[in-house]
Amino acid sequence: MKQKTEQNDTMDRDYRRIEEAIRYLEENFRRQPELREIADRIGLSEYHFQRLFRRWAGVSPKRFLQFLTAGYARELLRSSRSVLDAAFEAGLSGAGRLHDLTVNVHAATPGELKHRGAGLTIRYGFHPSPFGTSLLATTPRGICALFFLEGDDREGALGELRGLWEEAQLLQDQEGTAPLAEAVFSTDPRRKHLTLFLQGTNFQIKVWEALLRLPPGTAATYGQLAGRVGAPGAARAVGRAVGSNPVSFLIPCHRIIRQSGILGEYRWGSARKKAILGWEAARFLGEEE
């Protein structure tokens, strides 16, 4: 148990430093600070800064930061087009076979939406992740929420969960939800299938299912996603649906970026969005030869 706690503490500390480095880059992007300056900012030597990124992302900080540039983002959009065409033509189940997609969706019925979770028991826990502490909530029908915490604001995350499921009974269950949290952030392609239980309008559900067809290592624009859900010209409405996604990471709203290459905002913070995109890119592209 002690070893597990120490691993969790290390994971959380690593992410906080990564996020601080990304925030510093956001604040000083016009002059592109050197790695030594960024390392100094987060209180590490350049050597330990290198080790931190190797441990967390598997690549050097120089390589990781390349994934956060507008030029890389525009190239990612171009290279993603053919992959996304195949994924959407195959449909959700086909995309799963093509890209190890392991997430299925159950939508709440109109009656369930009306009753706001009445008679439902939701078990939740706070768990470490590569992107900071998360709140994971699950029902007998599937995961209903996954939020990243702002700092250590557990009450804020719980309040958001209560707002989604006002009439449900909430029970904290750290041990019971821990295996599920591990499966969510696992990089093992053999991980078990995960099921989501979502409440939303028909349009929101359609957008969230479309997001699930975006494989890791790809990206799309709001306009492209609007076209995929049969609503060309409705990029703003799609943006609102993307922003209301209740299940971070699994429903990959972080893969929606602007055509210009600007990565854009994110419900759980722009620095976290960059961290997730860079972390995914590192696993698919790795180091340059």
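Let's start inside the protein: the largest cavity holds about 50 Å³ of space. Keep in mind as you look around that this is a predicted model. With a lower limit of 30 Å³, the count comes to one cavity.

Which residues line the largest cavity? They are Y72, L76, G217, T218, L277, E280 and A281. By type, this lining divides into four nonpolar residues, two polar and one charged. Two helices, α5 (70-99) and α12, each supply at least two residues of the lining. Of the elements involved, α12 gives the most, with three residues.

One of the lining residues, L277, also leads us to the nonpolar cores. L277 belongs to a second, separate core of seven residues, which also includes A73, L77 and I257. As background, nonpolar side chains in soluble globular proteins tend to be buried together.

Now turn to the largest nonpolar core, which has 84 residues. Which of its members touch the most other members? The answer is F131 and L211. F131 is a good one to find on your screen. You will see F131 in the loop between β2 (121-127) and β3 (134-139). Is F131 buried or exposed? Its relative accessibility is 0%, so F131 counts as buried, the cut-off being under 20%.

Next, look at what surrounds this side chain. Setting aside residues up to four places away in sequence, F131 touches Y15, W56, F148, F185, F249, R272, A275, I276 and W279. One of these partners, W279, sits 148 residues away from F131 along the chain, yet the C-alpha atoms of the two are separated by 9.4 Å.

Two of the residues that F131 contacts, F249 and W279, are also worth viewing together. The structure has 18 aromatic pairs in its count. F249 and W279 form an aromatic pair that is edge-to-face, with 6.2 Å from centre to centre and 65° between the planes. F249 lies in the loop between α11 (235-243) and α12 (270-285), while W279 is in helix α12, so the pair ties together parts that are 30 residues apart in sequence. Both F249 and W279 are buried.

That brings us back to helix α12, where the tour of the cavity left off. This helix holds W279, the partner of F249, and α12 also gives three residues to the lining of the largest cavity.

Terms used:
Residues are numbered from 1 along each chain as its sequence is written. This is a predicted model: local features need pLDDT of at least 70, side-chain atom pairs count only at pLDDT 80 or more; totals for chains, interfaces and linings use all residues. Side-chain values use heavy atoms; hydrogens and water are left out. Helices (H or I, at least four residues) and strands (E, at least two) are DSSP runs, numbered from the N terminus. Buried means under 20% relative accessible area, exposed over 50%, partly exposed in between (1.4 Å probe, protein chains only). Contact means heavy atoms within 4.5 Å. Rings of Phe, Tyr and Trp (its six-membered ring) pair if their centres lie within 6.5 Å; planes under 30 degrees apart count as stacked, over 60 as edge-to-face and the rest as tilted. A nonpolar core is a set of buried Ala, Val, Leu, Ile, Met, Phe, Trp, Tyr and Cys residues joined through side-chain atoms within 4.5 Å. On a 1 Å grid over the protein atoms alone, a cavity is a set of points where a 1.4 Å probe fits but cannot get out, and a pocket is an open set with protein on both sides within 12 Å along at least five of seven lines; lining residues have an atom within 4 Å of a point. Grid points are joined across faces, edges and corners, and a volume is the space filled by probe spheres set on the points. Ala, Val, Leu, Ile, Met, Phe, Trp, Tyr, Cys and Pro count as nonpolar, Asp, Glu, Lys and Arg as charged, and the others, Gly among them, as polar.
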